[in-house]
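Work through the exercises below with the sequence and the structure in view. Try each task before reading its solution.

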Amino acid sequence: MITIDQPSAMQAWSDAEHRRGRSVGLVPTMGFLHDGHLSLVEIARGRCDACVVSIFVNPLQFGAGEDLDRYPRDEAGDRAKLEAAGVDVLYMPAADAMYPDGFQTAVTVAEVTRGLCGDGRPTHFQGVTTVVAKLFNAVRPEVAVFGEKDYQQLATVRRMARDLDFGIDVVGGPIVRDADGLAMSSRNAYLSADERSAARVLSRSLAQARTVCADGERDAATLLSRVRAMVSAEPLVRLEYASVVDASTLRPVERVQSDALLALAAQVGKTRLIDNTLLTAA
Ligand code: AMP
């Protein structure tokens, strides 16, 4: 595995791969890697000849008072995991290579970024699309893989790639969970033992809603009130939102008719966690 830290060097490497007829897959991350990230690497390796993983803790996608300054990092551990996973390039640009003095451009996606996490984090998705557009232009991949855990991010990046003619296939990977059901996240490292145990209520409440829906309950308000009741029984967990939305437009729905997404965000101590599940009316 080689490490590249400049956009121009990244482009040169990728152009050379393409000249040799090799396709390139990209997995963008913020590091502190876990098996959720590595599952995306597997998908990228299965679809492309070469695999690039980027690690960049993107200041633009953190709001004031969020965890940018304490975001967990483990460069040595990340490198070892990526080497073992057969990654070809670790792209790790420095902040001043990404956002040099005078940087003043942003990429904005409108509707899909409203609601859900967009309400509580009004500048977040613009930060994501701006950095992902830069990563796409540096890596020039054929395929980019994003986790369904950040479902709204995946939908937003898909929209951007289509709207701006990136010609990149944006692929989603399923949520990877720990044995206790908690969706893997770099931010889980912030949780105390008590908080971690309490946080399990999030995946449990989603699983319950999925079962109740499969048993015939299609009313979104009813499903959501069950989720809220279950989560509110955990004093360490404060629900920020729980919503049932259309799985492609992300607009709220009153009934689960075709594919719907039940998504939630919660504060567990100082840690903000998200999770979701698809609901099907089939
Ligand atoms: P992050 O490093 O948190 O920005 O995440 C990088 C990529 O990994 C994003 O596309 C996430 O959606 C994805 N990801 C994070 N956690 C998981 C998980 N538990 N399962 C699947 N993908 C994940």
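## Exercise 1: Serine 54

Task: which residues does serine 54 contact, leaving aside its neighbours within four places in sequence?

Solution. Set aside the neighbours within four places; serine 54 then touches Leu26, Val27, Pro28, Thr29, Tyr91 and Leu135. Keep in mind that this is a predicted model. Next, place the residue: serine 54 belongs to strand S3, which covers residues 50–55. Last, check the accessibility. The relative value is 0%, and buried means under 20%, so serine 54 counts as buried.

## Exercise 2: Arginine 121

Task: decide whether arginine 121 is buried or exposed, and find its surroundings.

Solution. Start with the location. Arginine 121 sits in the loop between helix H5 (117–120) and helix H6 (124–139). Now take its relative accessible area, 10%. The limit for buried is under 20%. Arginine 121 is therefore buried. Finally, list the contacts, again without neighbours within four places in sequence: Gln61, Glu66, Arg187 and Arg272.

## Exercise 3: Helices H1 and H6

Task: describe how H1 and H6 are oriented to each other.

Solution. Two packed helices are described by the angle between their axes and the distance between the axes. Helix H1 spans residues 7–19, and its axis comes within 7 Å of that of H6. The two axes cross at roughly 50 degrees. Angles from 35 to 65 degrees fall outside the parallel and perpendicular classes, so H1 and H6 are oblique to each other. The residues that meet are Pro7, Met10, Gln11 and Ser14 in H1, with Asn137, Ala138 and Val139 in H6. Sort the residues of this contact: four are nonpolar, three polar and none charged.

## Exercise 4: Helices H8 and H9

Task: classify the pair H8 and H9 by angle and by handedness.

Solution. H8 covers residues 193–214 and H9 covers residues 220–232. Their axes come within 9 Å and cross at roughly 150 degrees. Over 145 degrees counts as roughly antiparallel, so that is the class of H8 and H9. The crossing of H8 past H9 is right-handed. H8 brings Val201, Leu202, Arg204, Ser205, Gln208, Ala209, Val212 and Cys213 to the contact, and H9 brings Leu223, Arg226, Val227, Met230 and Val231. By type, the contact residues are nine nonpolar, two polar and two charged.

## Exercise 5: The domains

Task: how many residues does each domain give to the contact?

Solution. First mark the bounds: domain 1 is 2–173 and domain 2 is 186–276. Their C-alpha centres are 26 Å apart. Domain 1 gives 21 residues to the contact, and domain 2 gives 18 residues.

Key. Residues are numbered from 1 along each chain as its sequence is written. This is a predicted model: local features need pLDDT of at least 70, side-chain atom pairs count only at pLDDT 80 or more; totals for chains, interfaces and linings use all residues. Side-chain values use heavy atoms; hydrogens and water are left out. Axes are lines fitted to C-alpha atoms, for helices over the stretch in contact, and angles run from 0 to 180 degrees between N-to-C directions. Helices (H or I, at least four residues) and strands (E, at least two) are DSSP runs, numbered from the N terminus. Angles under 35 degrees count as roughly parallel, over 145 as roughly antiparallel, 65 to 115 as roughly perpendicular and the rest as oblique. A crossing is left-handed if the near helix is turned anticlockwise from the far one by less than a right angle, and right-handed if clockwise. Contact means heavy atoms within 4.5 Å. Ala, Val, Leu, Ile, Met, Phe, Trp, Tyr, Cys and Pro count as nonpolar, Asp, Glu, Lys and Arg as charged, and the others, Gly among them, as polar. Buried means under 20% relative accessible area, exposed over 50%, partly exposed in between (1.4 Å probe, protein chains only). Domain bounds come from an automatic or database domain assignment.
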